[in-house]
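Me: I'd like to learn how to read a few features off a model. Can you walk me through some?

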Amino acid sequence: MLHDGAHRMHHDIERILFTESQIAQRVRELGQQISQDYEKLLGEKIFREPPIAVGLLRGAVIFLADLARAMPIPLELAFVAISSYGMSSSPGELRVVKDLEVPVAGRHILIVEDIVDTGQTLAHLQELLNARHPASVKICALLDKTPRRARAVKLDYVGFTLTEDAFVVGYGLDYAERYRNLPYIAALKQSAITT
């Protein structure tokens with residue numbers, strides 16, 4: 001039986017876009033593909049200098065945790081948080097509010113992101129990391145949401161592509177810090193979005 005809060009949370013969902021089992025299957029596939037690519041690229045060096053998976057806080061935490069467990073290779077985890085100065089819903093100037101705590105020069109970096117929407121945050125992070133001279137920077141996005149793309153970003157690994165401009169929540173994606181813990185990805189009802 002659902003508690004009132006859980007009932008309300010599920011009631012706010014317009015429709016499920018990607019189910020829990022679809023996500024789990026795709027994360028396993030991505031983990032295998034990424035692992036094979038890094039094993040091929042690094043060979044025995046992978047044990048001395050494993051790739052660093054950099055998760056964007058807070059949305060990518062759930063995806064990164066599941067993805068890391070689906071990767072049977074040595075791997076380091078790191079986190080970064082980027083925020084917008086703007087107070088409105090449109091993005092303002094971006095700034096790093098939590099930087100990496102590990103040096104990345106000469107290392108292979110895998111940026112792990114929950115959703116790529118406008119591409120602004122990811123492009124900004126990629127520029128910051130490239131300035132630190134890593135050996136390589138690849139990007140893995142759970143969800144590639146294409147309708148509002150403003151900055152071109154090359155995604156090396158994509159879980160799912162979304163061509164509609166729905167407001168999506170679940171599996172780390174939030175609206176006003178809610179819905180992150182839903183086990184699926186869903187479109188939020190317009191009535192649940194307050195402007």
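Me: Where does Arg 180 lie?

Reply: This is a predicted model, and in it Arg 180 sits in the loop between strand S8 (168-169) and strand S9 (185-188).

Me: Is Arg 180 buried or exposed?

Reply: The general idea is a cut-off: buried means under 20% relative accessible area. Arg 180 comes in at 16%, so it counts as buried.

Me: What does the side chain of Arg 180 make a polar contact with?

Reply: Its partner is the side chain of Asp 174, at 3.3 Å. Leaving out residues up to four places away in sequence, Arg 180 also touches several others, among them Arg 58, Gly 59, Ile 62 and Tyr 171.

Me: Ile 62 belongs to a patch on the surface, so what kind of patch is it, and which residues form it?

Reply: A nonpolar one: Ile 62 joins Leu 57 and Val 61, and together they have about 190 Å² of accessible area. Val 61 is found in helix H4 (residues 61-69). With a relative accessible area of 36%, Val 61 is partly exposed, because that label covers values between the 20% and 50% cut-offs.

Me: How do I check the span of helix H2?

Reply: Allow 1.5 Å a residue. The 23 residues of H2 (residues 20-42) should then span 33 Å, and the end C-alpha atoms are 32 Å apart, which agrees.

Me: Which residues of H2 are buried?

Reply: Here's the general idea: an α-helix has 3.6 residues a turn, so residues three or four places apart point the same way. In H2, the buried residues include Ile 23, Val 27, Leu 30, Ile 34 and Tyr 38.

Me: What follows H2?

Reply: Gly 43, with a positive phi near 55 degrees.

Definitions and conventions:
Residues numbered from 1 in each chain as written. Predicted model: local features only at pLDDT ≥ 70, side-chain atom pairs only at ≥ 80, totals over all residues. Heavy atoms only, no water. Patch = residues over 30% accessible without salt bridge, like charges linked within 9 Å, V, L, I, M, F, W, Y side chains within 5 Å. Areas by Shrake-Rupley, 256 points an atom, 1.4 Å probe, with all protein chains shown as cover. Salt bridge = Lys/Arg side-chain N within 4 Å of Asp/Glu carboxyl O. Helix = DSSP H or I, 4+ residues; strand = E, 2+ residues; numbered from the N terminus. Buried < 20%, exposed > 50% of the residue type's maximum accessible area, 1.4 Å probe, protein only. Expected span 1.5 Å × (residues − 1). Polar contact = N/O pair within 3.5 Å; in protein donor to acceptor, adjacent residues only side chain to side chain. Contact = heavy atoms within 4.5 Å.
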